[in-house]
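Here is my note on this structure, set out as numbered points. Please keep the model open while you read.

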Amino acid sequence: MVRISLLALAFLTPILAHDISPTARYTITGDTVCAPTRNGTQVCYPKAFAPTAEFQIILPGQDIPAGLHIQIDMQTGLKKAKLPEDDNSLHNAVAVIPDDPLEDVQNKQDLLREGSRRQPQHQLEDELQLRLESIVMLADRQMAYVSEDSAIEALEELEDLVHDTRRAEQLARDIQAIPALLTLASPALHRGLPPWSPRTRQLAATVLGSTVQNNPKLQALAVTANVIPHLLRSLAAESDPKAASKHIYALSALVRGHAGALEQFTNQGGLRTLAMVHPQNAGKDAHRLEIRVARFVEDLFNPEFNPKQSKDAEDLVAQQAGVWCTDLAKRLTDDMESLDDNSERLATDERRTAYALALLRIKNQHPLTCTLPSALRPWVRTESAR
């Protein structure tokens, strides 16, 4: 067995890192990691990664101090890190994100918000970058480096971070972040492996929506990156009602007030995709999904939702008016019978109201295209006034 000293490692790491697969099965004994090379031999090296001012390749199993600048080669899976440019001390590199002993996620988010009020901007950007690295590695199936649980924690913290405009822009301009979030939000197979958990899919879609919300520059970037077609495909294939609701939230955030995004949404058959969303099972999550669909449809037919929409987008929306008028009328008719359980009845009443408001919106905007069944007209007016 080949053993390498810490001093020798500084000179041999570039050779060894390319000889060791990033997903190699390593063993850890004390402070030493041992991993097989591609030619069948085995090498051992320190468990603790020792950063310097220059990028060094991180070997499988090594612990990475927080606060480093990190790069990932998405083709080879090799990961590199170095000290922040403004200070080469390991002490300060670790201090960017101090050890957090709290187990409760809400407490962690509270601590993160409190810390963000005290930390300099460059430290906050490093803080965001560390979480982005986690989700990029997970999306690339580099499970030797990051677990799905840790990526879920990173997504939860990212959702909180991107409410700050500067950090939202940092995420949107990261060439790996948006593709990684789209991959994590998808219910499709990835590299022949099962999709990620519904919780991961929910959070990834939520982060996408929160990143672009009310930010025309980032909405434009998302249009250029074809985020909307990706989300529509994910929505069409999604079976989990909570995840589907978050996909609709992200789509709504993308198209609200942005003419180019709305045109891409309509060109890609967004309204047709929404009509395909029917929860397979009953329950509160299914009710919420159906309500979210109805409210999004109402927004899409509301000129105030996107006052600057192009004539092409307006025509495409108008073409779907008759389809959605019929669809919502059928949903209302099917939903007429009250349920016995009080909580279910309340949920059903809210859903009916959402259907009625959307139907009336379409009727008001497209009176010639949307024809209501005569028996339904007084009921719709009554429901919309509830």
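1. Start in the loop between H8 and helix H9 (216-224), where Asn214 has its place. This is a predicted model, so read each point below as a statement about a prediction. Asn214 comes just after H8. Its phi is near 60°, a positive value in a residue other than glycine. Is Asn214 buried or exposed? Its relative accessible area is 66%. The cut-off for exposed is over 50%, so Asn214 is exposed.

2. Now go back to helix H8 itself, residues 198-212. How far apart are its end C-alpha atoms? They are 22 Å apart. At 1.5 Å a residue, the 15 residues of H8 should span 21 Å, so the two values agree.

3. Stay with H8 and look at its surroundings. Of its 15 residues, 13 are buried. The helix is therefore largely enclosed by the rest of the structure.

4. Move on to the loop between H9 and helix H10 (227-237), where Asn226 lies. Asn226 has a phi near 60°, and this too is a positive value in a residue other than glycine. Its relative accessibility is 38%. Partly exposed covers the range between under 20% and over 50%, so Asn226 counts as partly exposed.

5. Next, take a pair of helices: H11 (residues 241-255) and H14 (residues 284-300). Their axes come within 9 Å and cross at roughly 20°. Angles under 35 degrees count as roughly parallel, so H11 is roughly parallel to H14. The crossing is left-handed. Which residues make the contact? On the H11 side they include Pro241, Ala244, Ile248, Leu251 and Val255. On the H14 side they include Ala286, Leu289, Val293, Phe296 and Leu300. Charged names appear in the list as well, among them Lys242 of H11 and Arg288 of H14.

6. Another helix pair is H12 (residues 259-267) and H15 (residues 311-319). The axes come within 9 Å and cross at roughly 40°. That angle makes H12 oblique to H15. H12 passes H15 in a left-handed crossing. The contact is made by Leu262, Glu263, Thr266 and Asn267 of H12, together with Asp312, Ala313, Leu316 and Val317 of H15.

7. Turn to the strands. S2 (residues 27-29) and S3 (residues 32-36) run antiparallel, and three bridges join them. Which residue of S3 stands opposite Thr27? It is Cys34. The hairpin of S2 and S3 has two residues between the strands. In this hairpin, Gly30 takes a positive phi near 65°.

8. S3 also pairs with S4 (residues 42-46). These strands run antiparallel too, with five bridges between them. Ala35 has Val43 in S4 as its bridge partner. The hairpin of S3 and S4 has five residues between the strands. There, Gly40 takes a positive phi near 95°.

9. Finish with Gln56, in strand S5 (residues 56-58). Is Gln56 buried or exposed? Its relative accessible area is 18%. Buried means under 20%, so Gln56 is buried. Leave aside its neighbours within four places in sequence. Gln56 is then in contact with Phe49, Ala50 and Pro51, and also with Lys79, Lys80 and Ala81.

Methods
Residues numbered from 1 in each chain as written. Predicted model: local features only at pLDDT ≥ 70, side-chain atom pairs only at ≥ 80, totals over all residues. Heavy atoms only, no water. Pairing = 2+ DSSP bridges. Helix = DSSP H or I, 4+ residues; strand = E, 2+ residues; numbered from the N terminus. Expected span 1.5 Å × (residues − 1). Buried < 20%, exposed > 50% of the residue type's maximum accessible area, 1.4 Å probe, protein only. Axes fitted to C-alpha atoms, helices over the stretch in contact; angles between N-to-C directions. Parallel < 35°, antiparallel > 145°, perpendicular 65-115°, else oblique. Left-handed = near helix turned anticlockwise from the far one by under 90°. Contact = heavy atoms within 4.5 Å.
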